[in-house]
Every structure is written in structure tokens, then in C-alpha cells.
Amino acid sequence: MMPDLAPIKVLIVDDDELLCQLIASFVTDRGCEALCAFDFGHAVELFETERPDVALLDYTLPEGNGLSLLQTLRELNHQQWFPALIISGHEDKSFIQACFEGGADDYIVKPFDFLLLDAKIKAMARIAEMQKNIVQQAAELQLYYEFTEAENQYAHYLYERLVAHDTQAPGVTRWVQASTRFSGDVVLFERGKNGDLYFLLADATGHGLAAAISLIPLIQVFSAMSTKGFQLPFIVAEMNRALRRFTPGDRFVAALVGQASHAHDSLSVWNGGIPPALWLDAEGRLLRQLKSHHLPLGVLRPEEFEGDVESWPCKESGILLCHSDGVHEAQAPDGEFFGYERLHQCIEGPVAQLLTRLRASLDAHTQGQYADDVSIAMLDFARIFTESDAAPASTGALIPPCEWGLTHTGRQLGEMDLVPLCLHWFQSLGVSENLTARLFTVLSELVTNAIDHGVLGLSSELKEQPEGFLRYLGLREEKLHALPESARISVKLRLDQADGRQRIRLEVEDSGAGFDYSREATESSRSGRGIALVRRMADSVDYRGKGNHVVVTLSPNH
């Protein structure tokens, strides 16, 4: 005889009270709880109050039969299935088949061998135990689903409001199609205090909530800095820094970030890992492609990052079409990609209906089932520059003289960025975009020189050696972490007037031994070119002492 059963409740229904009690005693001896009923009504009552795990039902009952009773019991407990065995004296195969078709899970013929009944009850007990586990797991999954759904709803609420606050500017349209509830793609537009229009199309690694969360640091940096009118190289550098700081190392974001200048009718673009943006005329003819020249955001460390932008005048009308790789990689049910050929077919024709044509073509190709997030941004520069009600930041009025300065020492030099701190104060005064842009370039070069060559004592000649640039960056990182508190850099900014025009006086001084600032860069040399650039952009450059103190003046009309 097999080992005793696990403790379960067994409902036994038979109008033969003696047989019913005999089976109950047999079941009880094996560790189970027996529930005896001698008629249809009593069986229903016991079932409702006790909820047994297994039912043994005699086919012949005073008020019906075992199959009709089984159907009644199953209707009472439709949410949880239980195994049932029919007991009968019929041996006819068609009768037994009818019992199974009527819902019975097993059948035994009277008179039966109790050893056979023992085996059948044990088998049904195992089924009942599995059913219990299934029900419990289903309940746990339901609770997990409800908890996750509540979290997702809250996350979605926050994310939508984070994205939805951006500028609704004339001449710009966008379309983002998520493959899941959360999109790993985002398209944003912001109007800066300088009147410029900034735009971002970003595509994070992966899909869903994890990808969407990766975008949050970028969105915050982009929105905060673009509305203040920061220049594009600094914005993308800070976005890269934020992504490296707040997201795991395996997360990165392909991004195209642009700045349309209201004052100069120019366009600047930084593209890191996004498919080429397309510059079109009014008839959809392709005039220029803005290819990716950088790695995605979050890949490079801040000291390795390159914020160089591609810029050109765009006084004439034109359309810029930007899109994520979800467009050309969109798949049909048979796996065929949408591809660049279909994309260029959609582009041909009047641009006024371009986005409508492109969306319709994508929907038809994918049959509305997107395996990857899709994002598209269109900018009509004729409308952006003519319909905008934003005014350039500078009105031509002279700003009263003022000055500001700060000093960083020791490890602060590696942990804090002097340039944005200085630039933020300067931009808050409302100085012209032209002067601000030049100050950013000059200040970046001077601070870099002061840190690398002054405080850290690094030689630019190292960059000329094979793999020297990587070695240079490695040494720079090591020395920054080991700086003594005596290491120092001071920056002073003064805004005043000379000959009826605004002028900036900038001083940068470091605690280093100085360097040979007289050497000019050659065309093939990596070293010394920063000094030459500063001389071209400034009114005057005056190095003092050992080369660890420099005074620069800049004016708008240089």
C-alpha cells in the first residue's frame, strides 16, 4: 500500500450509508478528512461550507445522479477546479465514456478493490495539490500584477508630465510611437531666453520603463539649460555627464541635439548615434545629410567627451527631418525592414504632408505592430524664424558694470566644473548670444590649460605619441584624484564698457609652474592650438608671470 495521503478534505456522497461510512473510515485512516453525505441536498450543503479538495460521488442518488451533482458543485465553485471520481456498478464502456464526457475525472466500478480506490484517491490528491498551488500562484501573480500596474501608472503619470512641459513652437511637429507602455524615445523642443529654439531627439538603450528612466536625467538637463540659453556644446557635455552619473554603465542614449539661432539664422547640430537627419527643400528634395560624428551619450567619460557641433547658416527656407532607427528598422509581419528606400520614397513630394505620408506608410508596413519605439521630428525653419514671437535676448542696451569671481582648490577641481558656474552668472545678465558663445569657447580653453598644464603639469607633447591621447587622459584622471589642497584655480569676470560698447575682461590664474605659452601650434600638432584659438577670438590676450596668469578681453564686434 502506498504511503498515507497528504491531509486533504474528501467529500463522499452515497445513499448507501454503510458503504459511505466504510469509505470514510478508509480515507480517515490515511490522514485525510472525510465528509459524508447521503443525498443530493446534504452534499451541496457540505460542499458550500467545507470546500473539499476531492469528491467521490455515487452515480445513483435519490434526487438525481452523480453527474448532475458534479455539475451543480462545479457551478458553485467555478473559480477553483477540483477532481471528482464517479462510483457506479455499470461496466458498459459507453456509460463510462458518458461519465467522463459529463465532467468526471475518474471512474471506479462497484464492487471495487480498496487498494485500487487508494491509488485513485492518491492520484486525485496529487492533482488537487497541484490545483491548490496553481490557485495560490495565480493569486500571487494577480497581487504582483496589481502592484506593478499601480507603480507603472504612477511612473507613467510622472514621465508624461516631465515630457509634456516643453515648448509648443510654430513650425515644429513630432510623432513618437511606443512599442510598449513606456517609450524609450523622446522628442523635445525648448525656447531659450536668447530666442533660440533647442530640440532633442533621443533613443535610449532597450525598451519600456528601463529605457524611459534612462531619459530622465537628459530631459532635466536639456530643459534647464536650453531655457537659460546655454550653448549647444556645453548642453550635450552636461547631458553626457548626467547620464554617466545617474544610470548604470550599460545604459546609453543615442541623441540628436540642435539649436536654431533666432538672431543669426543658423542651425547647429550634435549627432551621437542617431540616423542622419535630412535637410530638405519645400518640394522634398534632399539637400544635405547630418550624419552622426559622435558616440551616443553615456558611453564616454566626461574628460573623453567631444561636444563639437556641425553648424551652417539657414536663412533660406528648409525642412529638417530627424528620426530614430525605429523608422528604417520597423518590421513587417514577415520580418522585412521598412528601410531607407521606403523612407526616401515618402520624402519625395510636398513637405506639408510629409509626416502624414510617412506615418501612413509605416502603419501599413508594420500593420500597426511596432517592435521598437519610433520617433520623428520635423522643423520648418521658414516658420520657426518668421512666426516666432520670441525676441532675441540682447536689446542692444548696455548693462551696468559688474564683476564676479570664484576660486576652486584641491579635489574640487576634479569634481566641479568652473565653466558652467561662470557662464550661468554671465548669461543671467542678458548679454548677447554672440558674446556669450565666444566667452564659452575662450573660458573652456583657458580653464582646460590651467588645469592640465598648470595644476596637473601635463605636457601636450604626450598626445603626439602613438596612443598618447588615451595615456594623456589616464594620467589626467589619476592626477585629478591626487590633487593636494594647495592646488588652486581662480576665475574673475568683469563686464564693463569701452568706447560705448560692452566688453568682458576675463582673468584665469592657477597655482602651477606655468607653461610655454609662446609656442604656436603646427597644422599637424595637437598641442598649442587652444592658445591660437583664444587669440583669434579675443580682442587681447595677455599672459603674465610664468604663464599661470592670463588676462583676456572680448567685445561683441571682434
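Let's start at Val552. Set aside its neighbours within four places in sequence, and Val552 is in contact with Val442, Leu446, Ile504, Arg505, Leu506, Val534, Ala538, Ser540 and Val541. Keep in mind throughout that this is a predicted model.

Where does Val552 belong? Val552 and Leu506 are the residues with the most contacts inside the largest nonpolar core. That core has 73 residues. Its top contributor is helix α13, residues 433–455, which gives 10 residues. As a general point, nonpolar side chains in soluble globular proteins tend to be buried together.

Now zoom out to the whole chain. There are 558 residues, and 48% of them count as buried. The secondary structure comes to 15 helices and 22 strands. Take the contacts with a separation of 6 or more: residues 24 or more positions apart account for 67% of them. On the surface side, the chain exposes about 26700 Å². Carbon and sulfur atoms supply 52% of that area.

Next, one helix pair. α8 covers residues 339–347, and its axis comes within 9 Å of the axis of α9. They cross at roughly 145 degrees. The crossing is right-handed. Who makes the contact? From α8, it is Arg342, Leu343, Cys346 and Ile347. From α9, it is Leu354, Arg357, Leu358, Ser361 and His365. By class, that gives 5 nonpolar, 2 polar and 2 charged residues.

Stay with α9 for a moment, because the next backbone oddity sits in the loop between α9 (354–366) and β17 (374–380). That residue is Gln367. Its phi is near 55 degrees, a positive value in a residue other than glycine. Is Gln367 buried or exposed? Exposed: its relative accessible area is 58%, and the cut-off for that class is over 50%.

There is another positive phi at Arg51, about 50 degrees, and Arg51 is not a glycine either. Look for Arg51 in the loop between α2 (40–50) and β3 (54–58). Arg51 is partly exposed, with a relative accessible area of 38%.

Last item: a cis peptide bond. Which residues does the cis peptide bond join? Lys110 and Pro111, with omega at about -15 degrees. Pro111 is found in the loop between β7 (106–109) and α5 (114–164).

To recap the places to click on: Val552 in the core, the α8 and α9 crossing, Gln367 and its phi, Arg51 and its phi, and the cis bond at Lys110 and Pro111.

Terms used
Residues are numbered from 1 along each chain as its sequence is written. This is a predicted model: local features need pLDDT of at least 70, side-chain atom pairs count only at pLDDT 80 or more; totals for chains, interfaces and linings use all residues. Side-chain values use heavy atoms; hydrogens and water are left out. A nonpolar core is a set of buried Ala, Val, Leu, Ile, Met, Phe, Trp, Tyr and Cys residues joined through side-chain atoms within 4.5 Å. Buried means under 20% relative accessible area, exposed over 50%, partly exposed in between (1.4 Å probe, protein chains only). Helices (H or I, at least four residues) and strands (E, at least two) are DSSP runs, numbered from the N terminus. Contact means heavy atoms within 4.5 Å. Axes are lines fitted to C-alpha atoms, for helices over the stretch in contact, and angles run from 0 to 180 degrees between N-to-C directions. A crossing is left-handed if the near helix is turned anticlockwise from the far one by less than a right angle, and right-handed if clockwise. Ala, Val, Leu, Ile, Met, Phe, Trp, Tyr, Cys and Pro count as nonpolar, Asp, Glu, Lys and Arg as charged, and the others, Gly among them, as polar. Accessible areas come from the Shrake-Rupley method with a 1.4 Å probe; for residues, only the protein chains shown count as cover.
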